[in-house]
Amino acid sequence: MTETVPRPTLEAVAARAGVSRATVSRVVNGSDGVREPLAERVRRAVDELGYVPNQAARSLVTKRHDAVAVIVAEPETRVFADPFFARQLRGISKELTAHDNQLVLLLTEDRDDHARVGRYLAGGHVDGALVFSLHIDDPLPELIQRAGLPTVFGGRPDWNGGPDGVVYVDSDNRGGARDAVRHLLGLGRSRVAHITGALDQTSAVDRLDGFRDVMADADPRLVVEGDFTAACGEWAMRELLDRCPGLDAVFAANDITAAGALRVLRERGLRVPDDVAVVGFDDMLPIAEQTEPPLTTVRQDIEEMGRLMARLLLRDLDRTTAPDESGGTPSGVILPTTLVRRASA
């Protein structure tokens, strides 16, 4: 039978360091007012004893839980299958870990999930929320506002009656789409089609708008609505070829959709890029390098988006607990995109 070893206490650390319990508490909780030589003695005693602060007691002092809810408005079947989400979560996790914060992942698929997430957020378990892959008319923003949590959104939000000063991080979806279509036109293509993403998401709407900025007079039959999946890329490509057999280029709303489109072009005996040039969006590796042929695409830094979301939230939380005069958090940050040329266009 294993004997349980008592956990080191705050008093034990104070005795080891030769300081008061209050001094240890201030050092452990990151408070000011302790001279560096004393603080160093406390930190050394903490390491020697293996002291771990009681999170509940620490929260009473700091008013922080050191935990952040990361809410993805998608079913788990998509979140764990689409590498886009893994990249964004990796960026978020790296930034939170660097600041000793825990990531609490919450997924929403239906109304029951929204109610569950709403209750959790209102229960005071986390300091703030990071939300991405929102759909238009999603109830999440209202639930988060009701919970009163500081929040940063991934992607430009678009809902009616939402709060002012919403903080978000996005890529230049519209500008990136324009670059993709201009590249195809620069190759001498004139019948450029577009397979959209899910049009209840602002990223897909912005990319469609970018396509239309350049192709204002395009045949409406050259646009087919998709949903960011490979299966829909295959279906949409077949639909486009049946509607407009003379098309000579395709801009797909993401790389996974483009990969599905490439498979159908190969099935139909069409050469890429000789017969049909293809451009994607994301620069999702290794997908973009492993398609046949390798995919020309618009690169957005998905991991940096996640990292910046977390950084903005943590900065906001720090201001809440220790206000300063350095200015507020920007309401919206748009990251640039870059065209990456490979063999498909």
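Two strands pair if DSSP finds at least two bridges between them. With that in hand, the sheet of this predicted model can be read strand by strand.

The sheet is open and has six strands. Their order is β2-β1-β3-β4-β5-β11, and the pairing is parallel. The edges are β2 (102–107) and β11 (332–335). Each of these has a single partner strand, so one side of each is left without a neighbour in the sheet. Neighbouring strands are turned against each other by 20 degrees on average, direction ignored.

Start at the β11 edge. Strand β11 pairs with β5 in the parallel sense, over four bridges. Asp170 of β5 has Ile334 in β11 as its bridge partner. On the other flank of β5 lies β4 (residues 151–154), again parallel, with three bridges between the two strands. Here Phe153 is partnered by Tyr168 in β5.

Strand β5 (residues 167–171) deserves a closer look. Five of its five residues are buried, so the strand is largely enclosed by the rest of the structure. In a regular strand the side chains alternate between the two faces of the sheet. Val167, Val169 and Ser171 point one way from β5. Tyr168 and Asp170 point the other way. Both groups are buried. Tyr168 and Asp170 have already appeared as bridge partners, of Phe153 and of Ile334.

Move along to β1 and β3. Strand β1 (residues 67–72) runs parallel to β3 (residues 128–132), and five bridges join them. Within this pair, Ile71 stands opposite Val131 in β3.

Two helices cover this part of the sheet. Helix α6 (residues 83–98) packs on the sheet and touches β1, β2 and β3. The direction of α6 makes about 150 degrees with that of β2. Helix α7 (residues 111–122) packs on the sheet as well, touching β1 and β2. For α7, too, the angle with the direction of β2 is about 150 degrees.

Now follow α6 from end to end. At its start, a side-chain oxygen of Asp82 reaches to within 2.9 Å of the backbone nitrogen of Phe84. The 16 residues of α6 should span 22 Å at 1.5 Å a residue. The end C-alpha atoms of α6 are 23 Å apart, which agrees. The buried residues of α6 are Phe84, Phe85, Arg87, Gln88, Leu89, Gly91, Ile92, Glu95 and Leu96. Just after the helix, Asp100 takes a positive phi of about 55 degrees.

Next comes the loop between β3 and α8 (140–147), where Asp138 has its place. Is Asp138 buried or exposed? Its relative accessibility is 13%, so Asp138 counts as buried, the cut-off being under 20%. Leaving aside neighbours within four places in sequence, Asp138 is in contact with Ala73 and His114. The side chains of Asp138 and His114 are joined by a polar contact of 3.3 Å.

Turn last to the charged pairs. The structure holds 27 salt bridges. Glu11 and Arg21 form one of them, with their closest N and O atoms 2.7 Å apart. Glu11 lies in helix α1 (residues 10–17) and Arg21 in helix α2 (residues 21–28), 10 residues apart. Both ends are partly exposed: Glu11 has a relative accessible area of 44%, and Arg21 is at 45%.

Helix α1 takes part in another such link. Arg16 forms a salt bridge with Glu48, at 2.8 Å between the closest N and O atoms. Glu48 is in helix α3 (residues 36–49) and Arg16 in helix α1, 32 residues apart. Glu48 counts as partly exposed at 48% relative accessibility. Arg16 is partly exposed as well, at 47%.

A third pair brings in a buried partner. The side chains of Arg342 and Asp283 meet in a salt bridge of 2.9 Å, N to O. Arg342 is in the segment after β12 (338–340), and Asp283 is in the loop between β9 (277–282) and α13 (287–290). The two are 59 residues apart. Asp283 counts as buried, at 5% relative accessibility.

Which residues do salt bridges with shared partners join into one network? They are Arg90, Lys94, Glu95, Glu303, Glu304, Arg307 and Arg311. Glu95 is also one of the buried residues of α6.

Technical notes
Residues are numbered from 1 along each chain as its sequence is written. This is a predicted model: local features need pLDDT of at least 70, side-chain atom pairs count only at pLDDT 80 or more; totals for chains, interfaces and linings use all residues. Side-chain values use heavy atoms; hydrogens and water are left out. Axes are lines fitted to C-alpha atoms, for helices over the stretch in contact, and angles run from 0 to 180 degrees between N-to-C directions. Contact means heavy atoms within 4.5 Å. The expected span of a helix is 1.5 Å times one less than its number of residues. Buried means under 20% relative accessible area, exposed over 50%, partly exposed in between (1.4 Å probe, protein chains only). A polar contact is a pair of N or O atoms within 3.5 Å; within protein, one must be able to donate a hydrogen and the other to accept it, and residues adjacent in sequence count only if both atoms are side-chain atoms. A salt bridge is a side-chain nitrogen of Lys or Arg within 4 Å of a carboxyl oxygen of Asp or Glu.
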